[in-house]
Amino acid sequence: MTTTQEAVAAAERCTPEFRRDPHAVYARLRAEAPVCPMRPPHGNETYLITRYEDARAALSDPRLSKDMYGAMDAYRRIFGDSSIALDDNMLNSDAPKHTRLRRLVNSAFTPRRVQALRPRIEQIVRELLDACPPREPVDLLPAFAFPLPIIVICDLLGVPAEDRTRMQRLSTTVAQTGFGEEFKRAQQRAEEDLHGYFTELIDAKRDRPGDDLLSALIAVRDGADGSLTQNELVSTAFLLMFAGHKTTAYLIGNAVHHLLCHPEQLSAVRESPELIRAAVEELVRYDGSVETATFRYATEDVEYGGTLIPKGALVQIALSSANRDPAKFDSPDALDVRRPGNAQDAHLGFGHGSHYCLGAPLARLETQLALTLLFDRFPRMALADPAAGPRWLQVPFPAFRGLAELPVVLDPAG
């Protein structure tokens, strides 16, 4: 990356080079354009925040709203009309609505409740690994990284086992669409199918409730206080399913890839298993699965880093860039599972402030167990074709940071 203008253009257009290695672009922007005005393909005036301190402040700035209805024209240009019904949830709202919706589901994701899931998660990991061919190349994403979190979140919600594959297929379509008409039609069909599916599932559970989170939310919806609307219920079910597996799946894939590419770091964790918690925090910091926070918009003129963000402009907060800011982290481009101060609050991989990731305790536990049991079972695991290099997702704007595939040999002969 030779000039700031080229860096801005790469980030605006999400060029293939940028998707393969966004960190070089972010380094240039942090140094020379830390609050960067952009004109992405969706046409909305957008500002990209790349430094850690600015990012951390912006994530909890009430002047930067998450309420999509306040920026409906911009929202429609990016996502289309079909997304509106599915996005009536805590992710796309401000207080007091956000506070109300988050409180309704918060109890399911407390550290104590999540730890109670440990035996079930361990069982799922072992069953998935049992099904993997040990001596021939296998793509670990569809074989392991995606099924694990989708089984867990579907169990929590009460989604029938036979519908898991459908949920993964539809959510993949929603996540990987672009700005062309073909992409938008595919996205619209998937979103309509998801809305219809959860509406039908809620109706079925209303008649036959189970011991699951969705049945509990239905009881709240149908309660006397009316603290959850029908559309909020459908949208919340979608959000928990979508966010509850997509980001964790990509995180597991990224983590396996980077540990295989840094054998000395993998050896450190295997020799000192107690390092796994710090290792997962470092892997989230180093190359987490959420590259930028979801869109915010300025409800008034706001200044960051000496740059005025005008009222009405969209704001993207580059978490991947903030997590490699040398002003915050020493040697930020090095993966170091023994990094001093590798605490949960050091990086911004799960966000910050009131919108801090609700499912972070679950994502942490799933990733810790996935890595521990995978490498315990297959200590000689290797990339199937190390010379080929990783193939990263090509997306129209950098929401997810993940691999398109992860071919490995779990137990190479000899």
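The following paragraphs lead through the sheets, the nonpolar cores, the aromatic contacts and the cysteines of this structure. The model is a predicted one.

A suitable starting point is the open sheet of 5 strands, whose order is 1-2-8-5-3 and whose pairing is mixed. Its edges are formed by strand 1 (35–38) and strand 3 (64–65), each of which pairs on one side only. Strand 8 (residues 314–317) shows both senses of pairing. With strand 2 (residues 46–49), strand 8 pairs in the parallel sense over 4 bridges, and leucine 48 stands opposite glutamine 316 of strand 8. With strand 5 (residues 296–298), the pairing of strand 8 is antiparallel, over 2 bridges; here arginine 296 stands opposite valine 315. Strand 5 in turn pairs with strand 3 in the antiparallel sense, again over 2 bridges, and the bridge partner of leucine 64 in strand 5 is alanine 298. In general, strands of a sheet pair through backbone hydrogen bonds, either parallel or antiparallel.

The side chains of strand 8 deserve separate attention. In a regular strand the side chains alternate between the two faces of the sheet. Accordingly, Leu314 and Gln316 point one way from strand 8, while Val315 and Ile317 point the other way. All of these residues are buried.

A further open sheet consists of 3 strands in the order 4-10-9, with antiparallel pairing. Strand 4 (138–139) and strand 9 (382–383) each have a single partner strand and stand at the edges, so one side of each lacks a neighbour in the sheet. The pairing of strand 9 with strand 10 (residues 407–409) is antiparallel and runs over 2 bridges. Within this pairing, alanine 382 stands opposite valine 409 of strand 10.

From the sheets the account turns to the nonpolar interior. The largest nonpolar core holds 93 residues, and the members that touch the most others are Phe198, Val256, Leu374 and Met381. Helix 14 supplies the largest share of this core, 16 residues. Which residues does valine 256 contact, leaving aside its neighbours within four places in sequence? They are Leu140, Leu371, Leu374, Phe375, Met381 and Leu406. Apart from the largest core lies another one, of 21 residues, which includes Val35, Tyr304, Ala322 and Leu348.

Helix 14 also contains leucine 251, which counts as buried at 4% relative accessibility. Not counting residues up to four places away in sequence, leucine 251 touches Val284, Gly288, Ser289 and Thr367. The C-alpha atoms of leucine 251 and phenylalanine 238 are 20 Å apart, although the two residues are separated by 13 positions in sequence.

Aromatic side chains form another set of contacts, with a count of 8 aromatic pairs. In one of these, the ring centres of phenylalanine 146 and tyrosine 250 are 5.2 Å apart and the ring planes stand at 90°, so the arrangement is edge-to-face. This pair joins distant parts of the chain, 104 residues apart: phenylalanine 146 belongs to the loop between helix 9 (140–145) and helix 10 (147–157), and tyrosine 250 to helix 14 (residues 230–261). Both phenylalanine 146 and tyrosine 250 are buried. They belong to one aromatic cluster together with Phe238, Phe242 and Phe400.

Two arginines also lie over aromatic rings. Arginine 285 is placed over the face of phenylalanine 329, at 5.3 Å from the ring centre. Arginine 401 lies over the face of tryptophan 392, at 3.6 Å from the ring centre.

The cysteines complete the description. A disulfide is a covalent bond between the sulfur atoms of two cysteines. How many disulfides does the structure hold? The number is 0. For cysteine 36, the nearest cysteine sulfur is that of cysteine 14, 13 Å away. Cysteine 36 counts as buried, with a relative accessibility of 2%. For cysteine 261, the nearest cysteine sulfur belongs to cysteine 132 and is 19 Å away. Cysteine 261 is partly exposed, its relative accessible area being 38%.

How values were computed: Residues numbered from 1 in each chain as written. Predicted model: local features only at pLDDT ≥ 70, side-chain atom pairs only at ≥ 80, totals over all residues. Heavy atoms only, no water. Phe/Tyr/Trp six-rings, centres within 6.5 Å; stacked < 30°, edge-to-face > 60°. Buried < 20%, exposed > 50% of the residue type's maximum accessible area, 1.4 Å probe, protein only. Lys NZ or Arg CZ within 6 Å of the ring centre and 35° of its normal. Pairing = 2+ DSSP bridges. Core = buried A, V, L, I, M, F, W, Y, C linked by side-chain atoms within 4.5 Å. Contact = heavy atoms within 4.5 Å. Disulfide = S-S within 2.5 Å.
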